[in-house]
Amino acid sequence: MIQLLYFASLREAVGQSSESLELPGGVASVGQLRHWLAARGGDWEQAFGEGRLLASVNQQMVDDDHPIADGDEVAFFPPVTGG
């Protein structure tokens, strides 16, 4: 089981701030998880299929190649800009 967290505009787009799910078969990296989430279609496809999202695994910033495993907490959020 992994814990997924969604922040800021991403949370608004998918209509939830978190969920727990079994790690889908064939999904072993952050990038693969992102593609799997986009494949849910609709708002999920728009939120995860376009633009650049930042990700963390167990509160460490990671790239799409970072492995994920059962028990991980994976967070996704849009890039933050300041002014």
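This report describes the sheet, one helix and the nonpolar core of a predicted model.

**The sheet**

The sheet is open and is formed by five strands in the order E2-E1-E5-E3-E4, with mixed pairing. The edges are taken by E2 and E4, each of which has a single partner strand, so one side of each is left without a neighbour in the sheet. From one strand to the next, the twist averages 25°. In general, the strands of a sheet pair through backbone hydrogen bonds, and the pairing is either parallel or antiparallel. The table below lists the pairs of strands in this model.

| Pair | Sense | Bridges |
|---|---|---|
| E1 and E2 | antiparallel | four |
| E1 and E5 | parallel | four |
| E3 and E5 | antiparallel | four |
| E3 and E4 | antiparallel | three |

Individual residues show how these strands are aligned. Between E1 and E2, glutamine 3 stands opposite serine 20. Leucine 4 faces valine 74, a residue of E5. Valine 74 is also the bridge partner of valine 57. Alanine 55 stands opposite phenylalanine 76 in E5, and alanine 55 also stands opposite valine 62 in E4.

Strand E3 deserves a closer look. Leu54 and Ser56 point one way from E3, while Ala55 and Val57 point the other way, and all are buried. E3 forms a hairpin with E4, with two residues between the strands. In the turn of this hairpin, asparagine 58 has a positive phi of about 50°.

**Strand E1 and isoleucine 2**

Is E1 enclosed or open to the surroundings? Of its five residues, four are buried, so E1 is largely enclosed by the rest of the structure. Isoleucine 2 belongs to this strand. Its relative accessible area is 1%, and because residues under 20% count as buried, isoleucine 2 is classed as buried.

Leaving aside neighbours within four places in sequence, isoleucine 2 is in contact with Glu19, Ser20, Leu21, Leu23, Leu33, Ala69, Asp70, Gly71 and Asp72. The chain also brings isoleucine 68 to a place where its C-alpha atom is 8.7 Å from that of isoleucine 2, although 66 residues along the chain separate the two.

**Helix H2 across the sheet**

Helix H2 lies across E1, E2, E3, E4 and E5, and runs at about 65° to E5. Its buried residues are Val30, Gly31, Leu33, Arg34, Leu37 and Ala38. Seen down the axis of H2, these buried residues fall within an arc of 160°, so they line one face of the helix. They pack against E1, H3, E3, strand E4 (60-62) and E5.

Two residues of H2 illustrate this packing. With neighbours within four places in sequence set aside, leucine 37 is in contact with Leu4, Tyr6, Trp44, Phe48 and Phe76. The second residue is arginine 34, which lies in H2, a helix of residues 30-38. Is arginine 34 buried or exposed? Its relative accessibility is 12%, and because the limit for a buried residue is under 20%, arginine 34 counts as buried. A polar atom of the arginine 34 side chain lies 3.1 Å from the backbone oxygen of leucine 53. Beyond its neighbours within four places in sequence, arginine 34 is in contact with Phe48, Leu53, Asp64 and Phe76.

**The nonpolar core**

Which members of the largest nonpolar core touch the most other members? Among its 21 residues, these are Leu4, Tyr6, Leu33, Leu37, Phe48 and Phe76. Two or more residues come from each of strand E1 (2-6), helix H1 (8-14), H2, helix H3 (42-49), strand E3 (54-57) and strand E5 (73-77). The element that gives the most to this core is H2, with four residues.

The core can be related to the contacts described above. Leu4, Tyr6, Phe48 and Phe76 are listed with Leu37 among the residues that touch the most other members, and Leu37 is in contact with Leu4, Tyr6, Phe48 and Phe76. Phe48 and Phe76 are also among the contacts of arginine 34.

Technical notes:
Residues numbered from 1 in each chain as written. Predicted model: local features only at pLDDT ≥ 70, side-chain atom pairs only at ≥ 80, totals over all residues. Heavy atoms only, no water. Buried < 20%, exposed > 50% of the residue type's maximum accessible area, 1.4 Å probe, protein only. Polar contact = N/O pair within 3.5 Å; in protein donor to acceptor, adjacent residues only side chain to side chain. Contact = heavy atoms within 4.5 Å. Core = buried A, V, L, I, M, F, W, Y, C linked by side-chain atoms within 4.5 Å. Arc of directions from axis to C-beta. Pairing = 2+ DSSP bridges. Axes fitted to C-alpha atoms, helices over the stretch in contact; angles between N-to-C directions.
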